[in-house]
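Here is a short tour of a protein model, written for someone just getting used to reading structures. Keep the picture open as you go and find each piece for yourself.

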Amino acid sequence: MDIINKELAKKHEQQSDSKTETFFEYLSANKNVTQKSMALYLTGMMAAGIDTTSTTCLWLLYELSRHPEVQEKVYQEMVSVLGPDGEVSKTNIQRLSFIRATLKESGRMNPAGAFVVARVFDKDLDVLGYRIPAGVYVLLHEHLLSVDQRYYGEDAKQFVPERWLRDEMGKKNDLNPFTSLPFGYGVRMCLGRRLAESMIYTLVSKLLLCFHLEYAGDTAVNKDIKDGLMKPDRPVLVKFIPRKRTWTS
């Protein structure tokens, strides 16, 4: 609230010449939005967009540092598609199939939102033979599904990005799409999914083109629920070892 009050004071003192309107300016100009509501909107955006993206990226870097063979495949694909100094774009990202599979596998193993927001219904429901009374909160712990051997086989708890790739005939693996939903699904899917993925691809490509990642921790980290997200239970220690550039542009 202190930050909002300071920004509102600045807004009254200074007239902006910008033709574009920030989200904060949009909220402050809306007479139906109270300062309390404004604080809730801004806090929600920060929690939903910043912490989730950074946590998802952290888990991916952690998995890459612990699986050098996967990291090398990602690196070779990036050099081949992007070149040594290339940029990730909406046109070439579709050719980076392995890094997309790697992020998907990291999201399956370590979904930042390990559980879907609870739902409550105003009337009784019968779902697949189960009766759900009105007023009862229903919470799906999605992470339990995403590491279940019934859906992912004996290597369900192993980091295998290849499971998300098509075979030589172009056929996908027969995986239940509803057993791994790190970004949600349908009309309630994360609004910022594409933006978050683009940011992660860009960051990881810049890092891997310049550095080899090596896990420096003594033991593997565990998963812990902190601030409503599934995060590492301790600092993730990663060495960034400069790569020897032997290719030419």
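In this predicted model, helix 4 (residues 68–82) and helix 5 have axes that come within 8 Å and cross at roughly 145°. Which residues make the contact? On the helix 4 side they are V70, K73, V74, E77 and M78, and helix 5 brings S97, F98, I99 and T102. Sort these residues by character and you get 5 nonpolar, 2 polar and 2 charged.

If you look at the spacing of the numbers in a helix, one general point helps. An α-helix has 3.6 residues a turn, so residues three or four places apart point the same way.

Helix 5 itself covers residues 97–109, which makes 13 residues. From first C-alpha to last, helix 5 reaches 18 Å, close to the 18 Å expected at 1.5 Å a residue. Is helix 5 mostly covered or mostly open? It's mostly covered, with 10 of its 13 residues buried. Those buried residues are F98, I99, A101, T102, L103, E105, S106, G107, R108 and M109. Notice that F98, I99 and T102 are on this buried list, and that they also take part in the contact with helix 4.

Back on helix 4, have a look at Q76. Q76 is partly exposed, with a relative accessible area of 41%. Measure along the chain and Q76 sits 22 residues from F98, while in space their C-alpha atoms are 10.0 Å apart.

Helix 5 also has a link to another helix. E197 belongs to helix 8 (residues 193–210). Is E197 buried or exposed? At 10% relative accessibility it counts as buried, because the cut-off for buried is under 20%. Apart from neighbours within four places in sequence, E197 is in contact with L103 and F183, and L103 is one of the buried residues of helix 5.

Now for the rings. How many aromatic pairs does the structure hold? There are 5. One of them joins F178 and Y185: the ring centres are 4.9 Å apart and the planes stand at 75°, so this pair is edge-to-face. F178 is partly exposed at 44% relative accessible area, whereas Y185 is exposed at 54%.

Another pair is F211 with F240, where the centres are 5.9 Å apart and the planes are at 90°, so it's edge-to-face too. This pair links distant parts of the chain, with F211 in strand 5 (residues 211–215) and F240 in strand 8 (residues 238–242), 29 residues apart. F211 counts as partly exposed at 27% relative accessibility, and F240 is partly exposed as well, at 40%. Ring pairs also tie W59, Y62 and Y215 together into a cluster.

Rings can have charged company, too. Here are two cases where the charged end of an arginine sits over a tyrosine ring:

| Charged residue | Ring | Distance to ring centre |
|---|---|---|
| R108 | Y152 | 4.7 Å |
| R243 | Y75 | 3.7 Å |

You've met R108 already, as one of the buried residues of helix 5.

Two loop residues are worth finding next. L128 is in the loop between strand 2 (125–127) and strand 3 (130–132). What is phi for L128? It's near 50°, a positive value in a residue other than glycine. For background, most residues other than glycine have a negative phi. L128 counts as exposed, with 82% relative accessibility.

D148 lies in the loop between helix 6 (142–146) and helix 7 (149–152). Is D148 buried or exposed? At 16% relative accessibility, D148 counts as buried. Once you set aside neighbours within four places in sequence, D148 is in contact with G153 and A156.

Finally, zoom out to the whole protein. There are 8 helices and 8 strands, and the C-alpha atoms fill a box of roughly 60 × 60 × 40 Å along the principal axes. Of the 249 residues, 33% count as buried. Take the contacts between residues at least 6 apart in sequence, and 63% of them join residues at least 24 apart.

Terms used: Residues numbered from 1 in each chain as written. Predicted model: local features only at pLDDT ≥ 70, side-chain atom pairs only at ≥ 80, totals over all residues. Heavy atoms only, no water. Helix = DSSP H or I, 4+ residues; strand = E, 2+ residues; numbered from the N terminus. Expected span 1.5 Å × (residues − 1). Buried < 20%, exposed > 50% of the residue type's maximum accessible area, 1.4 Å probe, protein only. Axes fitted to C-alpha atoms, helices over the stretch in contact; angles between N-to-C directions. Contact = heavy atoms within 4.5 Å. Nonpolar A, V, L, I, M, F, W, Y, C, P; charged D, E, K, R; others polar. Phe/Tyr/Trp six-rings, centres within 6.5 Å; stacked < 30°, edge-to-face > 60°. Lys NZ or Arg CZ within 6 Å of the ring centre and 35° of its normal.
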